[in-house]
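Here is a short tour for the bench, with the pockets up front and one histidine to follow. Take a look at the model before reading on.

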Amino acid sequence: MRLVLTVFGPLLTRLLGYMPGKKLTLGEDIPAAALFEWSRWTQKREYFFDDPSMEAEARSDRVRIPVLAVGASDDLWASPKQMDRLTAHLGNAQVERRTVKPSELGLKKIGHHADAPRSGGAGVGQVLNWLQEQERATELESPAAASA
């Protein structure tokens with residue numbers, strides 16, 4: 001994927017004015033400005049965390065809520081290792097990382113765009129369960145629950 005973002009993507013984008021992701025079966029078409037920005041980020045050690053204009057480190061430090069970061073084992077754009085590097089910057093948040101294998105959902109592949117809507121949302125139930133667990137935990141911690 002690095003070659004797509006640093007060589008082929010910028011070349012095609014300069015020729016066409018956008019990155020033809022659909023035609024190349026890479027997902028959606030990508031606007032030129034986004035492709036060029038992503039291309040610059042992939043050349044930095046800590047991706048957009050090394051881009052001062054993003055203020056990503058300061059922003060990630062402000063995240064203090066539980067985070068569920070779900071990735072797919074076959075995601076070529078955001079590998080489990082890359083997901084771990086990104087979520088490592090959420091030092092003030094309770095982060096739960098999950099990597100889902102296509103076989104766990106009865107699928108042949110998941111890829112970057114997850115399972116919706118192609119598989120009928122096979123992995124959505126796991127996310128909804130996590131959200132409900134967070135809601136229950138919040139209710140238990142609330143002052144109203146303590147006085148009940």
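A pocket here is an open set of grid points where a 1.4 Å probe fits, with protein on both sides within 12 Å along at least five of seven lines. Please keep in mind that this model is predicted. Its largest pocket holds about 770 Å³ of space, and the second largest holds about 330 Å³.

**The largest pocket**

- Lining this pocket are 28 residues, and those closest to its centre are Leu5, Thr42, Tyr47, Trp77 and Gln82.
- Three elements each give two or more residues to the lining: α1 (2-16), α2 (32-42) and α4 (80-87).
- Helix α4 supplies the largest share of that lining, with 4 residues.
- Sorted by class, the lining has 13 nonpolar, 7 polar and 8 charged residues.

**The second largest pocket**

- About 330 Å³ of space lies in this pocket.
- Its lining counts 13 residues, with Thr25, Lys109, Gly111, His112 and His113 closest to the centre.
- The classes here are 5 nonpolar, 5 polar and 3 charged residues.

**A look at His89**

- You will find His89 in the loop between α4 and β4 (95-100).
- Is His89 buried or exposed? His89 counts as buried because its relative accessible area is 12%, and the cut-off for buried is under 20%.
- Setting aside neighbours within four places in sequence, the contacts of His89 are Glu46, Phe49, Glu57, Ser60 and Asp61.

Technical notes
Residues are numbered from 1 along each chain as its sequence is written. This is a predicted model: local features need pLDDT of at least 70, side-chain atom pairs count only at pLDDT 80 or more; totals for chains, interfaces and linings use all residues. Side-chain values use heavy atoms; hydrogens and water are left out. On a 1 Å grid over the protein atoms alone, a cavity is a set of points where a 1.4 Å probe fits but cannot get out, and a pocket is an open set with protein on both sides within 12 Å along at least five of seven lines; lining residues have an atom within 4 Å of a point. Grid points are joined across faces, edges and corners, and a volume is the space filled by probe spheres set on the points. Ala, Val, Leu, Ile, Met, Phe, Trp, Tyr, Cys and Pro count as nonpolar, Asp, Glu, Lys and Arg as charged, and the others, Gly among them, as polar. Buried means under 20% relative accessible area, exposed over 50%, partly exposed in between (1.4 Å probe, protein chains only). Contact means heavy atoms within 4.5 Å.
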